[in-house]
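Me: I've got a model open and I'd like to go through the labels people attach to it. Can you take my questions in turn?

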Amino acid sequence: MFTGLFNYWIVVILMMAGLYIVMSSGHLVKKIIGLNIFQTSVFIFFISMGKVSGGTAPILKDGISVFSNPLPHVLILTAIVVGVATTALGLAISVRIYEAYGTVEEDEISEMDKENRQRETSVSTVVLDKQ
Amino acid sequence: MIVATVFIIVKLDRLMTAVMMMGFFSLLSSCIFMILDAVDVAFTEAAVGAGASTIFFLAALAIVGRTSKKRKKEKTLMPLAVVICTGAVLIYATFDMPYFGTADAPIHQHVAPRYLQESGDEVGPPNIVTSVLASYRGYDTFGEAGVVFTAFIGVLLLLGAGTRKSGLERPDPPNAKVESMRQKIVLREVADLLIAPVLIFSLYVQWHGDYGPGGGFQAGVIFASVIFLYALIYGIVPAQQLFPPRKLAYFPALGLLLYAAVGLASMAMGGNFLDYSVLMPDPHDGQHYGILIIELGIGITVAAVMINIFFSLSERSL
Amino acid sequence: MIEQLPAIQLLLTLLAAPICSMLRNGDQSWRLATIVSWASVAIAGALLHQVWGGGNDISYHMGGWPPPWGIEVVVDELTAIVLLLVTLFGALVMTALRESLSTIMRHQRQSLYYTSFLLCMASLIGITLTGDAFNVFVFLEISSLATYTLIARGRDRRALTAAFRYLIMGTIGATFILIAIGFMYMLTGTLNMADLAERLPEHRDSRVLHASFAFFTVGIALKIALFPLHYWLPNAYTYAPKATTAFLAATATKVSLYVMIRFVFDVYGVEFSFQQMQLGTLLVPLSLAGILIASLTAIFQSDAKRLLAWSSVAQLGYMSLGVGLLNLNGLTASITHMFNHAMMKAGLFLALATMIYRVQSSQLTSLAGIGRTMPLTTGAFTVLGIGLIGVPFTAGFISKWYLITGALDKGWLPVAVLLIISSLMAIVYIGKMIDVMYFKPAPEEFSNVREAPMSMLIPCWIFALLTLYFGLDTRITAGLAGRVAANLLGAS
């Protein structure tokens, strides 16, 4: 049992580490790093389940009859692309946040937002976009 | 080792190192993919995880600064609890999973055998991953091109491309790295040597996707990383002169439309969307050319999107 | 031609998007986007007509490969009504979008904004259409990325943090769904939903399936913003650009709810979801808590948009409660309310956007007295607000009626009482807004604002009139929902 499931356990540990970074870190960019790790571990999980012992890469060639399952590979190719797309957009937003707030620490940002709301409720001000 | 890498990232406050470790993590996982027979995935992960997204992170870090602060202790407890719960559910689930590598697990029984046994006759390419990706599940791949395109539109809308904003103040002069690189002659020489072969290699990957690992997506990323290299060594401005962002912004849309055009053509010829068999009198030829064209579409979209995003991100730091 | 309709439905909007991005002229791309969205409405109507009455579902094989090898697109009555919801309300908002955008964005950027909007619409259509579990994930990601972009373009800098928070939550949610799909695939070797439904029951005691269900529920609940995972929604709705909120409120969460209904009833199966995993006992108390807490929070808001956003959280509670009741009337209420609430909330947000277009603030204090300066807009707002409360002869009444009947069918009198209490709370928060708009004196600087331009006013009134219409004629909403509900419940 130990060897049979060992791979999955490692993946679970990785996933959880990634998730932990996302939730515990206050730095927005580091959150995205965590997200990346979380996703990549899910990819490893998918690929692990497609593996057949003794099989080879799914490229047809004479004399080879045992292949690993190609479908998870296809799914993960798609998922990797989705991952990098999300990363890029997340970074773009954090860059904009930095420009708007001057920081990318979550605590500092929420502090600034809190002040902002207090001001808004006392005097209804209009915050105009600089763009 | 991979676990160790991740735990180092958890602890790291210096983001620069964290990003580097993340690139390392990607490289390690791509080795794992390789061991698990997923050559295409390994290829992509190496190009994307260790290449493109690391570059994006570096470009972003150049803007937002490199260190993160310690948070108050209490905030780590809640995430830890959530993580342990989720992990427990996952571990609980693993006990009923088929063991790693068993050939008679259900996932190898139902849908996959047809791909393995008949794709050679039905679709053509020896690389089964390519057949599934481009033909059986071509619609998914179309969606994937859509995702990349959406991210591109998002970055463009948020950061803009080509037009530099003035009046934004930045406290520290960032991207000193690019400046100093420009003086390093050795690096420059090596880069000069590398750029041309890698460009050719990316074209090879593009057209060879039918036979070996590779295809439009990988080729696009490799092509883009050549441009990253060029921009890092020679500075962003010459790279932008080479690929004017304003014009480059048309290409993602063109790639996506090229992909869709193949699908529309097959609809016009009486088949369903993305049914390449009807494109040519001989279904085999139809599949072959159909796959080639859509791979080209993906290649164009991905390369253009990656370069564009890189420009948008790094431009902000100049 | 007619058999290609499902593909055309998706392609129209998805292909208009890249073309739109290449047009650098905001007005041109608006024209293209508007024409295309109305054309999609027509196609959605045609599809609804084809499947009307049940029993003649359409199955379209992408790439000509039969499922489960290829990807299948399925249209049944439930799909068709959600398609109509997405396209119709999307098109209405799109029509009003030009005026609304012109004040906040440079001309050149606008075409990119329309592109995101179209992509969002296209991907929601894609999610609705598909019959393949993994394909849901792909389109879910397009829609999420497009949504983050749309939100982040809000004028307040807090829009950025709202979008970032949503990005983190949304990506975790999507990855959870991916894990769930992976587990299902591991057990059955297939990704096609119909095929999964056939093969999953034999694994009903497998822990992998249990975990898959748990991950799916959490993931999709994040996307729907079900209480207590609604954390991202109020900020996202408050700071998103005005008209965008109308579109998001109408469609994004509703389509996620549709995905949940599809998976819970069709893929996992009623018996597994509700008897073995006890989804009902989880959903009912959480939904009730969500309805009450969110309604209460809404009452104390001083920002009109935030108030409506909290009200959305409460209304989503109604829908999940209907699912949790697991009887004919409850489920009918859910599906009907999905449509009706999309219509009313989109209308309300749009009417509000129209007012903000003139007064440049969403604080209640600056909306005071607007009933006299902008009588037509406020009129539409009032009609929609009354609909949301659930007064008879409006659409809101129909869905609430079914929901309360559903609760009584179960013999759950307290639930019915709580529902009536929450309706009273809705009277309070909607009443508070209408009171301010009509009976408070207008602030000095807004005393001579003009009525809004026609292109915004007409969509508002269409929403208002539809609310009244669907309060009287329930064939398309409750009639269809009843058939669908019977089908879903009987499918086990």
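**Chains A, B and C: what the labels rest on**

Me: What makes so many contacts in chain C long-range ones?

Reply: Take the contacts in chain C between residues at least 6 apart in sequence: 80% join residues at least 24 apart. A contact here is a pair of residues whose C-beta atoms, placed from the backbone, lie within 7 Å. In chain A, residues 24 or more positions apart account for 44% of the contacts with a separation of 6 or more.

Me: Before I go on, what are the ground rules?

Reply: This is a predicted model, where local features need pLDDT of at least 70, side-chain atom pairs count only at pLDDT 80 or more, and totals for chains, interfaces and linings use all residues. Residues are numbered from 1 along each chain as its sequence is written, with chains lettered from A and ligands numbered from 1 in the order in which they are written.

Me: How do you know that chain C agrees with a compact globule?

Reply: The rule is 2.2 Å times the number of residues to the power 0.38, and the radius of gyration is taken over C-alpha atoms. With 492 residues that gives a value near 23 Å, and chain C has 21 Å, so the two agree. The C-alpha atoms of chain C fill a box of roughly 70 × 55 × 40 Å along the principal axes.

Me: What is chain C built from?

Reply: Chain C has 20 helices and two strands. Those are DSSP runs numbered from the N terminus: H or I over at least four residues for a helix, E over at least two for a strand. Chain A has four helices and zero strands, which reads α-α-α-α along the sequence.

Me: What share of each chain is called buried?

Reply: For chain C it's 68% of the 492 residues, and for chain A 60% of the 131 residues. Buried means that 20 or more other C-beta atoms, placed from the backbone, lie within 10 Å of the residue's own (12 or fewer is exposed, in between is partly exposed).

Me: Why are the buried residues of α12(C) said to line one face?

Reply: The buried residues of α12(C) include Leu279(C), Leu283(C), Ile291(C) and Ala298(C). Seen down the helix axis, the buried residues of α12(C) fall within an arc of 160°, so they line one face. The arc is that of the directions from the helix axis to the C-beta atoms. They pack against α10 (242–267), α11 (270–276), α13 (304–325) and α18 (413–439) of chain C.

Me: How do you know the span of α12(C) is close to the expected one?

Reply: The expected span is 1.5 Å times one less than the number of residues. Helix α12 (residues 279–299) of chain C has 21 residues and reaches 30 Å from its first C-alpha to its last, close to the 30 Å expected.

Me: Which element gives the most to the side of chain C that touches chain A?

Reply: That's α6(C), with 14 residues. The contact takes 30 residues from chain C and 32 residues from chain A. The chain C side divides into 15 nonpolar, 10 polar and five charged. Nonpolar covers Ala, Val, Leu, Ile, Met, Phe, Trp, Tyr, Cys and Pro, charged covers Asp, Glu, Lys and Arg, and the others, Gly among them, are polar.

Me: How confident is the predictor about chain A?

Reply: pLDDT is the predictor's confidence in each residue, from 0 to 100. Chain A averages 75, and 76% of the residues score at least 70.

Terms used:
Contact = placed C-beta atoms within 7 Å.
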